Amino acid sequence: MSVSPAPQGVPVPGQAQTPPASPASPAVPAGSGPRTVAAHRDAVEDLLRRWFLAHPPAQESVALDSAAGRLLAEEVRAPGNLPPFTNSQMDGYAVRTADLAAGNRPPGAPAMVPLATAAPIPAGSAPPPLLPGTAAPVMTGAMLPEGADAVVPIEACIPDSFLPSAGPGGTVPAGGAAGTVEVPAQTPAGQFVRRAGSDIAAGAPALPAGTVLGPLQLGLLAGLGLDRLTVRARPRVLLLTTGDEVREPGRPLEPGQIHDANTTLLRSSLEEAGAEVLRSRILADSPQEFIARLRADVAADAPDLVLTSGGISKGAYEVVRQGLAAHEVAFLSVAMQPGGPQGIGTVDGVPFLGFPGNPVSSLVSFEMFLRPALTAVTGAPRPRTEVQARLTAPLGSPAGKHQIRRGRYTAGTVEPVGGPGSHLLHALAASNALIPVPVGTEHLEAGAEVTVLLLE
Ligand SMILES: Nc1nc2c(c(=O)[nH]1)N[C@H]1C(S)=C(S)[C@@H](COP(=O)(O)OP(=O)(O)OC[C@H]3O[C@@H](n4cnc5c(N)ncnc54)[C@H](O)[C@@H]3O)O[C@H]1N2
Ligand code: MOO
């Protein structure tokens with residue numbers, strides 16, 4: 001997981017900033033033709049940027065164990081040294097290298113130097129100083145006694161193993177003269193010694209504000225002894241799907257009904273991208289009920305974003321489009337397939353995005369528009385990686401559309417999975433990449449190089 005400082009423009013938590021003149025103005029399209037993917041991406045980013053400038057994310061304190069995936073709100077400095085004390089990197093003998101130095105021994109002296117053994121030092125104990133001319137059995141991670149400046153691993157000593165009595169209180173090494181161990185004369189100072197603070201020193205910057213807390217970062221904070229962290233509040237999303245035909249998974253279907261895939265697709269995508277889904281609902285196809293419930297939920301939950309799927313195209317019962325007719329929301333067409341129909345604006349001042357109902361369309365809309373905006377604006381830094389890949393099969397695409405096909409990427413190649421249909425959930429589940437075919441490209445041969453977006 002990357003350690004990334006807050007991107008430019010991320011509001012500083014807790015510090016209100018002057019919002020632009022019209023924070024609630026919807027991104028209404030100019031002109032009548034379909035909007036480009038890039039223009040819509042900018043519009044979505046702009047919508048969120050305006051909101052978060054006026055409503056900077058709060059800070060909250062969370063327990064270390066609940067902090068996975070969260071963003072540090074402020075820099076963390078090491079409260080103490082890591083390691084906290086100078087300790088041994090090996091099971092062996094702590095020695096004073098001055099005892100071994102060539103100058104202290106006659107010419108032609110043997111390669112091994114006998115030393116009297118001191119009391120063993122298990123991990124977790126605080127040993128007395130090491131007397132000159134002695135070697136103390138020391139275990140990995142145990143504190144080095146004052147005066148010791150090197151550790152000789154047990155396998156380099158004679159004898160090369162500890163007696164069972166080398167536990168606390170024991171003194172006699174196996175097989176050798178009682179109370180004597182021979183260690184190599186050529187033992188450099190510092191060998192197998194882990195100095196206090198050598199990983200990070202007390203007071204030094206440990207992690208910058210904006211860091212995404214993954215296992216590696218949490219491991220450091222735990223090692224530093226921190227059990228609570230100050231993180232940024234996650235972007236809060238109200239997620240609604242619409243349709244009389246849509247039923248929750250687990251409920252039986254009547255003829256003509258389908259199970260709700262979008263709520264799960266979008267909820268898990270949002271959560272994976274660092275957002276919090278406050279509430280998700282299926283609303284029936286009544287525009288009046290839809291807008292009444294939506295406004296009540298907005299008032300009750302105070303979300304940062306309302307996201308809907310379905311009900312925005314050209315049918316006779318487009319609940320979202322009809323329900324929001326009196327609001328500052330534009331329903332427009334983006335030159336993208338899937339994900340052509342899009343809604344964007346504000347409802348009672350809160351950013352609103354309406355994704356199309358086909359499941360693949362809603363997922364592609366998330367990946368193409370909302371994920372990049374969340375990354376850029378809120379510092380929820382879960383950008384997708386783009387890689388170059390060679391197509392294993394030819395692809396066709398409508399000339400006027402930025403088509404997003406699904407595929408399976410492996411080692412520099414990408415195999416298209418399923419057709420262009422935006423209802424193909426099975427093929428979506430078998431893919432790990434999106435394959436954009438830009439406007440103007442109608443055909444790509446097998447072997448053509450494409451830039452794919454990795455979904456994992
Ligand atoms: N005459 C036209 N018809 C359509 C156009 C068009 O331009 N002219 N656009 C097509 C495109 S492209 C899309 S995408 C869809 C978008 O439709 P809506 O956003 O209005 O969505 P619905 O009509 O409500 O549903 C479309 C499709 O998706 C299924 N769906 C809806 N919600 C869910 C859900 N939660 N889980 C699973 N599946 C869902 C729904 O059953 C429909 O099959 O419009 C085209 N039509
Ligand atoms: O643009 Mo629609 O999203 O193809 O299915």
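Select ligand 1 and the residues of its shell, which divide into eight nonpolar, 14 polar and four charged, where Ala, Val, Leu, Ile, Met, Phe, Trp, Tyr, Cys and Pro count as nonpolar, Asp, Glu, Lys and Arg as charged, and the others, Gly among them, as polar. In total 26 residues surround ligand 1, and the closest are Asn262, Gly310, Ser313, Pro356 and Gly357; a residue is taken as near a molecule if its C-beta atom, placed from the backbone, lies within 6 Å of it. The elements that give two or more residues to this shell are α3 (262–272) and α6, and such names follow DSSP runs, helices being H or I of at least four residues and strands E of at least two, numbered from the N terminus.

Before going on, note that this is a predicted model, in which local features need pLDDT of at least 70 and side-chain atom pairs count only at pLDDT 80 or more, while totals for chains, interfaces and linings use all residues. Residues are numbered from 1 along each chain as its sequence is written, and chains are lettered from A and ligands numbered from 1 in the order in which they are written.

Now select ligand 2, around which you will find Gln337, Pro338, Gly339, Gly340, Pro356, Asn358, Ser361 and Ser422. The shell of ligand 2 divides into two nonpolar residues, six polar and no charged.

Next, show the whole protein chain as a cartoon, where the secondary structure comes to seven helices and 27 strands. Of the 456 residues in this chain, buried ones make up 42%; a residue is buried if 20 or more other C-beta atoms, placed from the backbone, lie within 10 Å of its own, exposed if 12 or fewer, and partly exposed in between. Among contacts between residues at least 6 apart in sequence, 71% join residues at least 24 apart, a contact being a pair whose C-beta atoms, placed from the backbone, lie within 7 Å.

Colour the six strands of an open sheet whose order is β15-β12-β16-β20-β19-β17, with mixed pairing; two strands pair if DSSP finds at least two bridges between them. β15 (276–283) and β17 (328–333) stand at the edges, each with a single partner strand, so one side of each is left without a neighbour in the sheet. Neighbouring strands of this sheet are turned by 15 degrees against each other on average, direction ignored, with axes taken as lines fitted to C-alpha atoms, for helices over the stretch in contact, and angles running from 0 to 180 degrees between N-to-C directions. Helix α3, already met beside ligand 1, packs on this sheet and touches β12, β15 and β16, and its direction makes about 165 degrees with that of β12. Inside the sheet, β12 (residues 236–242) and β16 (residues 305–309) pair in the parallel sense over five bridges, and leucine 239 has leucine 307 in β16 as its bridge partner.

Move to helix α1 (residues 37–54), whose 18 residues should span 26 Å at 1.5 Å a residue, and whose end C-alpha atoms are 26 Å apart, which agrees; the expected span is 1.5 Å times one less than the number of residues. Buried residues of α1 include Val37, His40, Leu47, Trp51 and Phe52. The buried residues of this helix pack against β18 (336–337), β19 (341–347), β20 (350–355), α6 (359–378) and β23 (402–410). Just beyond, in the loop between α1 and β1 (59–63), select alanine 58, which counts as exposed because it has 11 C-beta neighbours inside 10 Å.

The other open sheet on this tour has five strands in the order β7-β4-β6-β5-β8, and the pairing is mixed. Its edge strands are β7 (150–153) and β8 (180–184), each of which pairs on one side only, and the twist averages 45 degrees from one strand to the next. Select tyrosine 93, whose bridge partner in β6 is proline 137 and which stands opposite valine 152 in β7. Three bridges join β4 (residues 92–95) to β6 (residues 134–138), running antiparallel, while β4 and β7 pair in the antiparallel sense over four bridges. Five bridges join β5 (residues 112–117) to β8, again antiparallel, and there proline 114 has glutamate 182 in β8 as its bridge partner.

Finish at aspartate 99, in the loop between β4 and β5, which is buried because 20 other C-beta atoms lie within 10 Å. If you draw a distance from its C-alpha atom to that of valine 76, 23 residues apart along the chain, the separation is 42 Å.

Technical notes
Two residues are in contact if their C-beta atoms, placed from the backbone, lie within 7 Å.
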